Amino acid sequence: MKTVVVVDYGVGNIPNAVRGLQRAGADVTLSADPGVVAAAERLVLPGVGAFPAAMARLEALHLDVAIRDVAAMGVPVLGICLGHQLLFEASEEFGSTPGLGLLAGRVVPLPPVARVPHLGWSSLRTTPGDPLVEGLDGGYAYFVHSFAVLEAADAVATFDFGGVPVCAAVRRGTICGTQFHPEKSAAPGARL
């Protein structure tokens, strides 16, 4: 059984992420303790809400440093939705807020080419051969967001938003993120 630490910083979909990981066979530890986070074998950073408030909460709990440390050690890290966004350099939500800086890119408002917020199922277009998204090409994933990274050098999956390709999943080494919610994305989410 794989042990996964889920970062408990009081933002959003934490219970759903825990249940999804447990359904996938993980032994889950929920923690807001920087020491536990820094010692994780695998780390999940979930989230729903506003980027500035979430980043302030991570900093107040000293979890930002613990997450950066564990990522620097090569531990697998998965950010989900807002957690995915927090992995990047900065966000333009409610001004400009620095992120964790683990991935190159900037979180910006979704373009006004379709209904915002983007709420519902969208088909994934994946990078062939990438292990994070293997078997997910053409599968549908569940999204709920108004901001996203439009262009990410490390994107391994995109979705079409009113004719604009938007980053759906990213991976650089062991640092991974999904703009969609795997825990709510049925078979494709369970596979991821």
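The following exchange goes through some assignments in this predicted model.

Colleague: Why is Asp 130 called buried?

Modeller: The relative accessible area of Asp 130 is 7%, and buried means under 20%, so Asp 130 counts as buried. Asp 130 is placed in the loop between strand 9 (125-126) and strand 10 (140-145).

Colleague: What makes the pairing of the Asp 130 and Arg 171 side chains a polar contact?

Modeller: The two side chains are joined at 2.8 Å, and the cut-off for such a pair of N or O atoms is within 3.5 Å. The side chain of Asp 130 also reaches the backbone nitrogen of Leu 132, at 2.9 Å. Leaving aside neighbours within four places in sequence, Asp 130 is in contact with Val 156 and Arg 171.

Colleague: How do you know that Cys 81 has no disulfide bond?

Modeller: The closest cysteine sulfur to that of Cys 81 belongs to Cys 167 and is 12 Å away, whereas a disulfide requires sulfur atoms within 2.5 Å, so the distance is too far for a bond. Cys 176 is likewise in no disulfide, with the sulfur of Cys 167 nearest at 11 Å, and the count of disulfides comes to zero. Cys 81, at 5% relative accessibility, and Cys 176, at 11%, are both buried.

Colleague: What puts the buried residues of helix 3 on the same side?

Modeller: In helix 3 (residues 51-60), the buried residues include Phe 51, Ala 54, Met 55 and Leu 58; they cover an arc of only 95° around the axis, which places them on the same side of helix 3. Ala 53 and Ala 60, on the other side, are exposed.

Notes: Residues numbered from 1 in each chain as written. Predicted model: local features only at pLDDT ≥ 70, side-chain atom pairs only at ≥ 80, totals over all residues. Heavy atoms only, no water. Buried < 20%, exposed > 50% of the residue type's maximum accessible area, 1.4 Å probe, protein only. Helix = DSSP H or I, 4+ residues; strand = E, 2+ residues; numbered from the N terminus. Arc of directions from axis to C-beta. Polar contact = N/O pair within 3.5 Å; in protein donor to acceptor, adjacent residues only side chain to side chain. Contact = heavy atoms within 4.5 Å.
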